[in-house]
Structures are given as C-alpha cells and as structure tokens.
Amino acid sequence: MTLLDIRDLKVAYGRRTVVHGVSFTVGPGEVVAVVGESGSGKTTTANAVLGLHPASSGQILLNGADIRGWSQKRLQAIRGAQIGLVPQDPSNSLNPVMRIGNQIAETLRIHKRGDKAARRRRVIELLTRVGLDDPERRAGQYPHELSGGMRQRVLIAAAIALRPSLIIADEPTSALDVTVQRRILDLIDDLRQEYGTAVLLVTHDLGVAADRSDRLVVMKDGLVEERGDTRTILAAPSAAYTRQLFRDAPALNARNFRPLDERAEPAIVVRDLVKDFGAFRAVDGVSFEVRRGGTHALVGESGSGKTTTARIVTRFTEADSGEVVIGAPVGPRDFRRKVQLVYQNPYGSLDPRQPVGTIVAEPLRNFGLGDRAARRTRVRELLERVALPEALLERRPRELSGGQRQRVAIARALAVEPEVVVLDEAVSALDVTVQARILELLEELQRDLGLTYLFISHDLAVVRQISHTVSVMNKGRIVESGTTQQIFDSPQDDYTRELLAAVPEPVR
Amino acid sequence: MRWARWAAWAVVGLVVLWAVVPWLFTGYDPLAGVPAEKLQGPSGAHWFGTDAVGRDLFARVVHGSVNSLSGAFVAVAVGLVLGTLLGLVAGSAGGVLDEAVMRVMDVLLSVPGLLLALTVIILLGPGTVNVAVAVGAGSVAAFARLTRAEVVRVRRADYVEAAFGSGGTFARVLWRHVLPNSLGPVVALAALQFGVAILAISTLGFLGYGAEPPTPEWGLLISEGRNYLATSWWLTTLPGAVVVAVVLAAGRISKEIR
C-alpha cells in the first residue's frame, strides 16, 4: 500500500493556477525527489500536501484517507505526527527568541506526548540522534548561537520528534555549504533506514536528487514531465525536458577538462594577500597567478575568504598587505577599464529604475567613450554579443528573467573592453538550464575576446566545467592549487578531498 | 478601497481648484458682509451659513484655500528640500559629518513640532510666509532622517557598487543611482506632510500667528467661529470638516505613493 498518493492535484494562487494536475505516489520508506527549476510548482505541491496552501482540486491520499480540504484543526493532528516538515532556510525557520530545546519540545507538547520531564528526555535523545555535540547545553541555547548546519539538524530533530511516516524536506540543504550539505543528507538517509520513514525531497539540485532518491518526479510549469525509478530515468530519460535538464546540469556531466595554454603569460599575479576584519583574518597569505585568456577558479565554502579575495583583486576592498598585479600599473579610474566584476545576484546588481539600454551604456558614458550615436550603436552590439534581443533596450530589470539580467550585467562589464572579468558566484543564483547557457556564453566570449576570468564559486561541478586552473580556499588560505584536472583527479589536501566527496559521482 | 482613492484625489483636486479659480465656486465676496444676514445657518443661499458680520462662510473657505494650500506647499518644499539634502549628505558622506548632522536633527526631533514652529515665528515675526517656513523647519528633521535611512540602504546595494565599478564618480553615482532610488518613501512622506502642514498652519492661524484678519484662512476661520460655538456651530464645524477632509485625503494619497 502506498503511503502518500497524490492524484491530479491542482493548486492556485488567487486566479492563477500554478500546479496543473500533478500525480505521484510515495511508498513507505521510499525517497521520492521532486525536481524542477524555480517556478515549476514543486514547493507549492509540497505545501499543498501539508495543507499549508489549499489545493483547489484533486486528491491527497495519506494512508488511503483523502486529507485534501480537511480543516486546519484536523490537519494539525497529522502535521508533525504523520508528516514532518524540514523547511528550506534554517536561518529563518527557528524562532530566534526561543531556546532550541523548547522549540523541539513544542511538537511533543502540541501532540500531548508525555509530561515535562519525559519531553525533556526525548529532546536530549533527539539532539543526540541528529548528531549535535553536548545536547544538554544545545537545548538551552538560542538559534543564533548555532551554525547553519546545526540549525538544520535542529529542524530535522523537530521533524522526526514524533516519528512521522513521511518527511517532507523542501530544499533542506540549499542554503548550506557543500560539505555540510553532504552530512545533513547522510543524516536524513540514516534516519530513514532506522525508522523506515519515507522522504519527499523537494530540490532544484539534480546532483542531490540523483544521489539520494529512489524515484524521481520531474516538474516543469506546474506539470509532471516525467516520473519513475531514479536510475532508469538517469540512464534513459524519456521526456525532452528531462534530457535537456540532465544535459545542462554540470553535476551530471563530466566534460573534458579545458586544456591550459602553458605558454600564455600571467594576466593576474596575486602575492601574499592579507586582510583582517578586526581580529578575524579573512584572507591569510593568498597567492596565485592567472594566465591570459584562461579561467582560474577560487573554490571554497562560505567564510573561506574567496569573495574578499575577489574584492581585493577588483579594488573594492583594500588589502592589509600583499599585492595584485594586473598588467601595467594604472590609476584607480583607468583600473575600472581593465578589470570588471560581475555579481552573484543579477536582481541586485542592476539599478531597478533604469532601462537596459541606459544600464549597458553607463560605463561608456562614464568614460566618455563616443558620442550619443556611437554609444547607442555600441550598446546594440553588446546586447547582440550576449544574445539579448534589441527589444529589451527599453525594458527595466524587473521585466527580465534572471538569466536575461545576468546577460545585461555581463554586457555592462564588457562595454569598456576589459582584460579581466571577475565573476563572483555569477551563475549560482540561476536555474540549471539558464546557468548552462550563461556558461556557454562566458566560454564563447573568452574565446572571441581573449578575456581572462577569475571565477569565484562554491560549486565544484561548475568549476570543473569552466576553469583551466583552480585554487581551493579554506579559512582564508589556499590549501591547494593546480590545473583543474590535477585537482579533480589527484587531490593532495584533505579538505579538497572532502569537497570533492560532496560532488555527485559522475563528475568526481 | 478604490472609492477611497478616487475620493482622496477628488478632494485634493477640488481644493486646488478652489485656490486657483475661486470665483467659479462662489459669487459672494469673502471680505464684505451683509449685516442683516449675520449668523444664518447653512441654507441653499449660504451653503456653510454666514458669520457674525454677515459674510458667506463658504466663500471665505473657498477664498481661504489659497492661503492655506500655498502655506502648506511652502512648508513641505522647505522640509523636503532641506531635509533631503541634509539626509543625502549625511547618508552618503558618513563618518563625522553624518554624526554631526544627525545629532542636530535628533535635537530638532526632541522639540515638539508646534513649539519649534512657534520659536521660529517669534524669530521671524508672524505672517503667512513665515508661518509656512516655520512649519517647514519643523519637518526638516523627519525628512532628513528618512532620506538618510534610504540612502544608507541604497548605498549598500550591488548596483551602486557596480556603478562605481563602471567608472562612475562619487557625485555622478549619487545623482544617478542613489538619489532616485532613495526618493520613493520621501515623496510619500511629502504627501503626508502636506496634510500635517495644513493642520499645523491652521493651528498657528487659530493661535493668531498666521494671516491677519479679515484675510480668510482656514485656521483663522475656525478661531473666529470659536466665540459662537454654542449658538452657531457651523462657523467652526464646517471649516474644520474641510481641513479634516483635506488632511485625510493627503494621508490616503501618501499611502498610495508608498
């Protein structure tokens, strides 16, 4: 018998239907991954199962009983007890003014399990089970005293407190560093085996879905494109969309390493950079070289100092000591013509009040390059270069998709014909198919314009695809440097190995 | 709440028309009275009734709108221009300048608005323009604080750094990116302050610091009607209702802008 059987589920926000008849099942003890890009309706579907957002039609059969349309009061008896939820963002999902222990005990209290002492014992048991050190002390702490990974463990503890038969995990690891991500997923796996809990895993990360699920549900635009056994789908996807998704996912495709041009002279030389923020040393003696026309990746987790290094290279932050040499020395304003930065978040890096044409023309105007007519021609050229239609000239950023915005940001960076472009997590916020197109664009631009890239990323699969050389950063230091092939094929440092272990099989 | 939006714009539009073309709305002279018709209640002939010297109250309200509105306009302009400028400088320069400007603003904020306005009037002397400037001076701090908060927020945005990265100079980035993106809430506050200024100017008029009698001004009208409150309610109530309607409309419009 199936545990959860969703039949022809439709969900709407106001008049807009976003889930158009979705059906799938989850068997006991099974991990079913719902994958899709943003706006595919995967989270909405998960919320509808819990009754957090009302479904407009269809059936949600939990152990054979249709729970769709149940009152909130009736659903309360199910939530926590039969279905547990592990929410997406651990930093927002805990009450900041409530002790950890009390938050976990809340589930037990609502469902009237045991007296105060028994609940307390159970909380300690749960904290121990999810692998938090010193659980007695943790129970008395507040969320801000815990790291992201620890918070996610607390949320998992709360979700499994009543041993539900199903856990809905909505992007449980998306906000976490890769090494932490792996440990959290391992924990969910262990718990599943121990308690026989089924998991509905909602994720945009195909690597995670491929690695961790028994069955896959691929969603697009509120419809199921494909569903079935994970291994079967991975081996032979039948839907065209699934094929494209798999082709575009860097985590599922091991391409050839990009060969390094050994003869090229270095375009960027970084020597012994040090940067302190108060007592905290963010960058600790970082040195590397990037060859002209090549891509060098700085890889690391949050807090590794990679973004600070990028900001020092682009002169948005000053180093306490050390030097960055990019060609002949120039003044601060001319420096901007040589080095450009593309930001992670294309939603934040474009002025919301200016049309695309004005945004792309800004560097030209700032440096007084050409008259009005010449600038207009150049802007059209640049838009064509990044494959954006001319019709977008008058649009404002909010009318563009994420991928289009990032193309605009790239066009702006290229306007002054820089030698070096620093890309700070420039593709991290994009969906896989969009990300793949941007990566292709970056490669093409590099080939045609001879650009040198410094590519900052936490995503090793992307790095493997785009970069010639890699430096791995940890706690402000470079722990290992080499060609991409050396790093991936024969990592020397333990930390590099740990990072690589978190990458899905095909790419490793 | 669509009707509320229309009503708000209709009220403001009507009052502006009163100020611009008062003769279209009333045939009576706001200054010359007919003693025989004194203290008549509202009727078809005199919509708002007449006052103690037989002047048509509606005519006085209509003709008075120009004084009250232009006063409020000047007050908001003073507050908006000075406050935005100070806030922009403080927010973008930071450091000692920021501290210095904002602490002065804190002092201004700690004095009740009316008291501050009265102090300025005592310095400048009474009169319509002086009252407006005084009320405006009282709102400088509010504008400065809001503008500074917005500027500080916008300055941290990626697109501002990107603008510097595109070779923009400090002044140019401030003018092209920081200021336009900071102004939204400030404009909303200006609309709200417009209502508040009308109220403050009417209050000062009521206290006798504004326009000199017999010039019609809303606050003054209410003040003059005070002596007849027991017998002729319309002298205070109807001009008061007009002030309330305009202030509420300004508040509503401000909410919409935000």
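Visitor: Why are strand E7 (residues 166-170) of chain A and strand E8 (residues 198-203) of chain A called a pair?

Guide: Two strands pair if DSSP finds at least two bridges between them. In this predicted model, five bridges join E7(A) to E8(A), so the criterion of at least two is met. The two strands run parallel, and A:Ile167 has A:Val199 in E8(A) as its bridge partner. The strands and helices named here are DSSP runs (strands: E, at least two residues; helices: H or I, at least four), numbered from the N terminus.

Visitor: How do you know which residues and chains these labels denote?

Guide: Residues are numbered from 1 along each chain as its sequence is written, while chains are lettered from A and ligands numbered from 1 in the order in which they are written. As the model is predicted, local features need pLDDT of at least 70 and side-chain atom pairs count only at pLDDT 80 or more, whereas totals for chains, interfaces and linings use all residues.

Visitor: What makes E6 and E10 of chain A edge strands?

Guide: Strand E6 (83-86) and strand E10 (223-229) each pair on one side only, so they are the edges. The open sheet has six strands in the order E6-E7-E8-E3-E9-E10 (chain A), with mixed pairing. Neighbouring strands are turned by 15 degrees against each other on average, direction ignored.

Visitor: How do you know the directions of the helices that pack on this sheet?

Guide: Axes are lines fitted to C-alpha atoms, for helices over the stretch in contact, and angles run from 0 to 180 degrees between N-to-C directions. Helix H6 (residues 148-160) of chain A touches E6 and E7 of chain A, and its direction makes about 170 degrees with that of E6(A). Helix H10 (residues 240-248) of chain A touches strand E9 (215-220) and E10 of chain A, and its direction makes about 100 degrees with that of E9(A).

Visitor: What makes E11(A) and E12(A) a hairpin, and which other strand pairs with E11(A)?

Guide: Nine bridges join strand E11 (residues 266-277) to strand E12 (residues 280-291), which run antiparallel; the pairing criterion is therefore satisfied. Two residues lie between these strands, and A:Gly278 in the turn has a positive phi of about 60 degrees. A:Ile268 has A:Val290 as its bridge partner in E12(A). E11(A) also pairs in the antiparallel sense with strand E14 (residues 321-325) over four bridges, where A:Val269 stands opposite A:Val325.

Visitor: Why are domain 1 and domain 2 of chain A said to be in contact?

Guide: Two residues are in contact if their C-beta atoms, placed from the backbone, lie within 7 Å. By that criterion the contact takes 15 residues from domain 1 and 13 residues from domain 2. The bounds, from an automatic or database domain assignment, are 26-43 + 71-248 for domain 1 and 256-327 + 419-508 for domain 2. The C-alpha centres of these domains lie 32 Å apart.

Visitor: How many residues of chain B are in contact with chain A, and which elements give two or more of them?

Guide: There are 13 residues of chain B in contact with 19 residues of chain A. Helix H6 (158-165) and helix H7 (170-207) of chain B are the elements that give two or more residues to this side. H6(B) supplies the largest share, six residues.
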